[in-house]
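Work through these exercises with the model open. Try each task before you read its solution.

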Amino acid sequence: MPLNDALDFKTMPKKNPAGRENILQVKNLVTTFDTEAGRICAVDDVSFEVKKGKILGIVGESGCGKSVTSLSIIRLLPKPAGFIESGQILFYGTDITRAEPKKMHQIRGSHISMIFQEPMTALNPVHKIGRQIGEVFKLHYSGINKDKIQEKSIKILERVGIPDSEKRMGEYPHQLSGGMRQRVMIAIALACKPDILIADEPTTALDVTIQAQILELMKDLQRETGMSIIFITHDLGVIAEMCDDVVVMYAGKVVETAPVKELFKNPRHPYTKGLLSSILRLDTPRKIKLNVIEGMVPSLYDLPVGCRFRNRCPEAQVICETQPLIKSVDEGKKHFVSCHIV
Ligand SMILES: Nc1ncnc2c1ncn2[C@@H]1O[C@H](COP(=O)(O)OP(=O)(O)OP(=O)(O)O)[C@@H](O)[C@H]1O
Ligand SMILES: [Mg+2]
């Protein structure tokens, strides 16, 4: 019996309860790091929802807190420096921010999986591919025998597009190309049939053609399994291709959130507008320089008072010296922004 059916969470509601559209709700999450130079707040009052069967994109420049947000969700923050200071992460309505390590291990194993940017760091270099996939099946199907593990491993490797999968099972990670390694990571992440897959920049280390193939594969697998995906990227072009809803982060805060079409049609935050104007469009002549937002994401040790984007914002005013709150742009369209001037 799959562990998904056999789970016994005393505090965990039933899987897929009817009518529960939001699988995961992140509410006012604050994640901090204790560093030699003091405590920094990498994720500051972040809220968003992951809907059943949908792909949520989290976008923002490097250092905005995308990975820290996802590591907070699966509780794999670097210890002891990083910790969730406050807020809630409701998984099927149950707060998991204080769940015991054993329970989190079960959740990670059978409900929430994650794939990372560089599969070489996530795969074990000294174990063959077959063994690494087999481990997942062994863990999640109690009493499963060797033949069944072999059969399931071959099947899932074939599904993620690995040719000659039986032979590949006997190889080590370094014998595979980057794209193939990422496919193996996807296979491992999917082996436990997760409700949510967190994909943290899963294609940035790959070349463009392979990138497109992996994105297509992830979309297909999402449709097939009905799982939800949190897709993290710094590329709004990828967001447009993949996602249903978008969260735009800047310096640890959510600055704008909306369904993908709405965000592209009607971006409101100057940061979102800046990101959008820097996407390479197909009709852009090669030699035209793309607009990039001037300046850099501020250091968490030295954040500006008020709106964190104001030093780079072309529209900043005096009022921006106070912190804007997130407000509704259009309740009906589920569009929210954190900016004084919109
Ligand atoms: N282990 C750590 N110790 C101290 N600070 C950290 C640690 N990890 C992350 N941070 C801080 O949190 C901030 C956000 O980091 P995070 O990795 O979430 O950024 P990101 O949005 O994922 O960026 P990228 O696109 O480069 O992956 C960083 O700028 C850094 O200041
Ligand atoms: Mg990251």
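**Exercise 1. Find how strand 7 and strand 8 pair, then place them in their sheet.**

Solution. Start with the pair. Strand 7 (residues 196–200) and strand 8 (residues 228–233) run parallel and are joined by 5 bridges. Strands are DSSP runs of E, at least two residues long, and helices are runs of H or I, at least four long; both are numbered from the N terminus. Two strands count as paired if DSSP finds at least two bridges between them. Take one bridge: Ile-198 has Ile-230 in strand 8 as its partner.

A word on the source. This is a predicted model: local features need pLDDT of at least 70, side-chain atom pairs count only at pLDDT 80 or more, and totals for chains, interfaces and linings use all residues. Residues are numbered from 1 along each chain as its sequence is written, while chains are lettered from A and ligands numbered from 1 in the order in which they are written.

Now widen the view. The open sheet has 8 strands in the order 6-7-8-3-9-10-12-11, with mixed pairing. Strand 6 (112–115) and strand 11 (327–330) are at the edges, each with a single partner strand, so one side of each has no neighbour in the sheet. From one strand to the next, the twist averages 20°.

**Exercise 2. Describe the sheet of 4 strands and name its edges.**

Solution. Read the order first: 2-1-4-5, an open sheet with antiparallel pairing. Strand 2 and strand 5 (94–95) are the edge strands, each with a single partner, so one side of each lacks a neighbour in the sheet. Next, check one pair. Strand 4 and strand 5 share 2 bridges in the antiparallel sense. Here Leu-90 stands opposite Asp-95 of strand 5.

**Exercise 3. At what angle does helix 5 cross helix 6, and at what angle does helix 5 pack with helix 8?**

Solution. Take helix 6 first. The axes of helix 5 (residues 129–140) and helix 6 (residues 146–159) come within 9 Å and cross at roughly 115°. Axes are lines fitted to C-alpha atoms, for helices over the stretch in contact, and angles run from 0 to 180 degrees between N-to-C directions. Helix 5 and helix 6 are therefore roughly perpendicular (65 to 115 degrees; under 35 is roughly parallel, over 145 roughly antiparallel, the rest oblique). Among the residues that meet are Gly-130 and Phe-137 in helix 5 and Ile-149 and Ser-153 in helix 6 (contact: C-beta atoms, placed from the backbone, within 7 Å).

Now helix 8. Helix 5 and helix 8 (residues 178–190) pack at about 20°, with axes 8 Å apart. Helix 5 and helix 8 are therefore roughly parallel. Ile-129, Gln-132, Ile-133 and Val-136 of helix 5 touch Val-184, Ala-187 and Ile-188 of helix 8.

**Exercise 4. Which residues come nearest to ligand 1, and which helix gives the most to its shell?**

Solution. Of 17 residues around ligand 1, the nearest are Ala-42, Ser-62, Gly-63, Ser-67 and Val-68 (near: C-beta, placed from the backbone, within 6 Å). Helix 2 gives the most, with 3 residues. Strand 1 (22–35), strand 2 (38–51) and helix 2 (66–73) each supply at least two.

**Exercise 5. Locate the cis peptide bond and the positive phi of Ala-251.**

Solution. The bond from Lys-79 to Pro-80 is cis, with omega near 0°. Pro-80 lies in the loop between helix 2 and strand 4 (82–91). Ala-251 is not glycine, yet its phi is near 45°. Its loop links strand 9 (245–250) and strand 10 (253–259).

How values were computed. Two residues are in contact if their C-beta atoms, placed from the backbone, lie within 7 Å.
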